[in-house]
Amino acid sequence: MNIKKFLTTELMAEAAGKHIIEIVKKKPDSLLCFAGGDTPLMTLNYLAEAAKQGEVDFGKCSFVSLDEWVGLGKETNGSCKQTLFDHFFDRIPNIDDSQICFFDGLAIDMDAECKRVDHFVAKHEGIDFMLLGIGMNGHIGFNEPGVRVDTYCHVIDLDPVTKKVSVKYFDEEMNVTRGISLGIQHITEAAEVMLMANGEKKADIVELTINTEPTADIPSTLVKNSKHAVLYIDDAAASKL
Ligand code: PGA
């Protein structure tokens, strides 16, 4: 896994944004996947501004969601869908809902939801680029510690650490217990995966991710099995290396 270290979070986000713009220029009809959560927000902001200035056109791209809290939809502040729409999709000119395939956390039939999203990815012949954060427990999307590595979309019980950390996203207690997510197979089969971490609180998991052989106990290590993986970290997240 390539590692790129940046002095500040801002410089990291700018470099990530520029890299993503290059990917879209090279392949305008890319299938892209951006994680929700706090980590990618600055990069998404960079991309939204660049799109507004006409520096990049996402008009031919497609987008697939990484994950969602089961039981939550776009109406809930802090859901993945709300985060991605507020910070990215609703700010980009030239994007139509038909280009976006998002997990519906409120769907009655979660198996059908998994199949629907699997089908969308398969129809596009895989994901061209994924921007992923690393959870405090090493989860990526809702590929929780101990996840099966041979899965595509799946529903999973959330790890205790994920449940504890989840409160930071919501205005009120949500008691989320399950997540729906793209699987490790999607990640390892993607043409390119960018794993991203910033801030001192991620320093331990970044160190573990880099220095541990791929294992389902720390899902972020499995990214090393991807075709082309790169880790973007700022100085604070790199402080234990
Ligand atoms: P964060 O979450 O980007 O909000 O730190 C990452 C994750 O838990 O996947």
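**The ligand site, the sheets and an aromatic pair**

Visitor: Which residue has a polar side-chain atom 2.7 Å from an oxygen atom of the ligand?

Guide: In this predicted model, the pair in question joins an oxygen atom of the ligand to a polar atom of a side chain, at 2.7 Å. A pair of N or O atoms within 3.5 Å is a polar contact. The residue that supplies the side-chain atom is His139.

Visitor: How much of the ligand's exposed area does the protein bury?

Guide: The residues that surround the ligand include Gly37, Thr39, Ile134, Tyr169 and Lys168. An N or O atom in the side chain of Lys202 is 2.7 Å from an oxygen atom of the ligand. Asp38 has a polar backbone atom 2.9 Å from a ligand oxygen atom. Of the 280 Å² that the ligand exposes when taken alone, the protein buries 88%.

Visitor: Which strands form the edges of the open sheet of seven strands?

Guide: The strands of this sheet pair in parallel, in the order β1-β10-β9-β6-β2-β3-β5. An edge strand pairs on one side only. The edges are therefore the two ends of that order, β1 (2–6) and β5 (100–101).

Visitor: What is the bridge partner of Cys33 in β6?

Guide: Strand β2 covers residues 31–34 and strand β6 covers residues 129–133. The two strands pair in the parallel sense over three bridges. In β6, the partner of Cys33 is Met130.

Visitor: At about what angle does helix α1 run to β10?

Guide: Helix α1 spans residues 9–26 and lies across β1, β2, β6, β9 and β10. Strand β10 covers residues 229–234. The helix runs to β10 at about 150°.

Visitor: Which residue in β8 stands opposite His154?

Guide: A further open sheet has three strands in the order β4-β8-β7, with antiparallel pairing. Its edge strands are β4 (67–69) and β7 (154–157). Strand β8 (residues 178–181) pairs with β7 over four bridges. Opposite His154 stands Ser181.

Visitor: Why is the pair of Phe58 and Phe88 edge-to-face or stacked, as the case may be?

Guide: The model holds 15 aromatic pairs by the rule applied. Planes over 60 degrees apart count as edge-to-face. The ring centres of Phe58 and Phe88 are 5.3 Å apart and their planes stand at 80°, so the pair is edge-to-face.

Visitor: How many residues apart in sequence are the parts that this pair ties together?

Guide: Phe58 belongs to the loop between α2 (41–52) and β3 (62–64). Phe88 belongs to the loop between α3 (80–87) and β5. The pair therefore ties together parts whose separation in sequence is 30 residues.

Definitions and conventions:
Residues numbered from 1 in each chain as written. Predicted model: local features only at pLDDT ≥ 70, side-chain atom pairs only at ≥ 80, totals over all residues. Heavy atoms only, no water. Pairing = 2+ DSSP bridges. Contact = heavy atoms within 4.5 Å. Axes fitted to C-alpha atoms, helices over the stretch in contact; angles between N-to-C directions. Near = heavy atom within 4 Å. Polar contact = N/O pair within 3.5 Å; in protein donor to acceptor, adjacent residues only side chain to side chain. Areas by Shrake-Rupley, 256 points an atom, 1.4 Å probe, with all protein chains shown as cover. Phe/Tyr/Trp six-rings, centres within 6.5 Å; stacked < 30°, edge-to-face > 60°.
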